[in-house]
Amino acid sequence: MTNQSSVRTETKAKFTTFQIALVALMTAITCVMGPLSIPIPISPVPISLTNLAIYFITCILGWKLGTLSYILYLCIGLAGLPVFSAFSSGFGKLFGPTGGYLIGFIFLAIISGICFEKTNNKLLLIIGLILGTAVCYLFGTAWLCYQANLTFYQGLWAGVIPYIPGDLVKIILAVLFAPVIRRRLEAAGFSLR
């Protein structure tokens, strides 16, 4: 008869120490890039580097760890550290005109991370990142319209259309350079996923 307390079961750790450290590092990078924004006079939504950070992070970490990294960033900002656009923070930002984008970034992280995991085809990656960005735009525009009492058409002009050219540039930068960074880390022996 075997004593159950002497039976040892091996379980695989959910995250390696390296993965935890990398998620923390990527969260810190988002905390540095997120506040850097350029206000534009025609909209309450500034030009932000948060989506660029998400593209790179989800390419490197994959969708699960990349989304976790973004959610940690979101929690840091909600806790009061000034990591959101224009060095803002708190629940006031979440419930303000740009709060829909903060929620939409979760879906952007999931969709872009899945795209980077499933394909290396640059055209498919661009299409996938555009899709993820469109979902983020949808959340952001819906909330902006609600907060500012705008029609959906007005919301598109205030929160989407002026940002499309810059976001396309960010998508192209991510598709060109993020996979290179991931491959170099993997070649150096770091298991990222």
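**Exercise 1. Find which residue forms a salt bridge with lysine 170, and place the pair.**

Lysine 170 forms a salt bridge with aspartate 167, with 3.3 Å between the closest N and O atoms. A salt bridge here is a side-chain nitrogen of Lys or Arg within 4 Å of a carboxyl oxygen of Asp or Glu. The structure holds one salt bridge.

This is a predicted model: local features need pLDDT of at least 70, side-chain atom pairs count only at pLDDT 80 or more, and totals for chains, interfaces and linings use all residues. Residues are numbered from 1 along each chain as its sequence is written, and side-chain values use heavy atoms, leaving out hydrogens and water.

Next, place the pair. Lysine 170 and aspartate 167 are about one helical turn apart, because they lie three residues apart in helix 7 (residues 164-187). Helices (H or I, at least four residues) and strands (E, at least two) are DSSP runs, numbered from the N terminus. An α-helix has 3.6 residues a turn, so residues three or four places apart point the same way.

Last, check burial. Lysine 170 and aspartate 167 are both buried (under 20% relative accessible area; exposed is over 50%, partly exposed in between; 1.4 Å probe, protein chains only).

**Exercise 2. Classify valine 169 as buried, partly exposed or exposed.**

Start with its place: valine 169 is in helix 7. Its relative accessibility is 48%, so valine 169 counts as partly exposed. Now look along the chain. Leucine 52 is 117 residues away from valine 169, yet their C-alpha atoms are separated by 9.5 Å.

**Exercise 3. Compare the span of helix 5 with the expected one, then list what its buried residues pack against.**

Helix 5 has 27 residues, so at 1.5 Å a residue it should span 39 Å. The rule is 1.5 Å times one less than the number of residues. The end C-alpha atoms are 37 Å apart, which agrees.

The buried residues of helix 5 include Leu125, Gly128, Tyr137 and Cys145. Its buried residues pack against helix 2, helix 4, helix 6 (152-159) and helix 7, where contact means heavy atoms within 4.5 Å.

**Exercise 4. Work out which classes of residue line the largest cavity.**

The largest cavity holds about 290 Å³ of space. Of its 23 lining residues, Val45, Pro46, Ser48, Tyr101 and Phe105 are the closest to its centre. A cavity is a set of points on a 1 Å grid over the protein atoms alone where a 1.4 Å probe fits but cannot get out; lining residues have an atom within 4 Å of a point. The volume is the space filled by probe spheres set on the points, which are joined across faces, edges and corners.

By class, 12 are nonpolar, eight polar and three charged. Nonpolar covers Ala, Val, Leu, Ile, Met, Phe, Trp, Tyr, Cys and Pro; charged covers Asp, Glu, Lys and Arg; the others, Gly among them, are polar. Helix 4 gives the largest share of the lining, four residues.

Methods: 1 Å grid on protein atoms, 1.4 Å probe; cavity = no way out; pocket = protein on both sides within 12 Å on 5 of 7 lines; lining within 4 Å.
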